[in-house]
Amino acid sequence: MWDAAERGPYPLLHADARNVLAEIEIHARNFPAAIAAATAAYRLSWCDGPPFAYHHGLTTARAHLRTLGEPEPEMPPYDASKHEPIEDIPIEPEKK
């Protein structure tokens, strides 16, 4: 799991793995490791920021951080200027 998540461009898989690790560390009462894993999961789930974030990963990481009494990390909001606009292509209904 870790090799594929850390090596490839799989931030959603990596976020899920970090969330599982956070839960394991919470149950093991290893709170510093749980905080680190939940924070990493939050950052990975952020992607470009809402509305382009990994919702499940973000809400799970947020719940872990809340359980641990930790604040959510500061993350930049979505910035549309960093991306080229998508071409608006009109869709025509099929002609019969």
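This report looks at helix α3, the loop residue Cys47 and the helix α2 residue His14 in a predicted model.

## Helix α3

Helix α3 has 16 residues. From its first C-alpha to its last it reaches 22 Å, close to the 22 Å expected at 1.5 Å a residue.

Part of α3 is buried. Four of its buried residues are alanines: Ala34, Ala37, Ala38 and Ala41. Tyr42, Ser45 and Trp46 are buried as well. In an α-helix there are 3.6 residues a turn, so residues three or four places apart point the same way. The cover over the buried residues of α3 includes α2 and α4.

## Cys47, just after the helix

Cys47 comes just after α3 and takes a positive phi of about 50 degrees. Cys47 sits in the loop between α3 (31-46) and α4 (55-67). Its relative accessible area is 37%, so Cys47 is partly exposed: the value falls between the 20% limit for buried and the 50% limit for exposed.

Beyond residues up to four places away in sequence, Cys47 touches Leu12, Phe52, Ala53 and Tyr54. Met75 lies 28 residues from Cys47 along the chain, and their C-alpha atoms are separated by 9.9 Å.

## His14 in helix α2

His14 belongs to helix α2, which covers residues 11-27. His14 counts as buried because its relative accessibility is 11%, and the cut-off for buried is under 20%.

Leaving aside neighbours within four places in sequence, His14 is in contact with Trp2, Ala5, Glu6 and Leu44. One of these, Leu44, falls within α3 (31-46).

Conventions
Residues numbered from 1 in each chain as written. Predicted model: local features only at pLDDT ≥ 70, side-chain atom pairs only at ≥ 80, totals over all residues. Heavy atoms only, no water. Helix = DSSP H or I, 4+ residues; strand = E, 2+ residues; numbered from the N terminus. Buried < 20%, exposed > 50% of the residue type's maximum accessible area, 1.4 Å probe, protein only. Contact = heavy atoms within 4.5 Å. Expected span 1.5 Å × (residues − 1).
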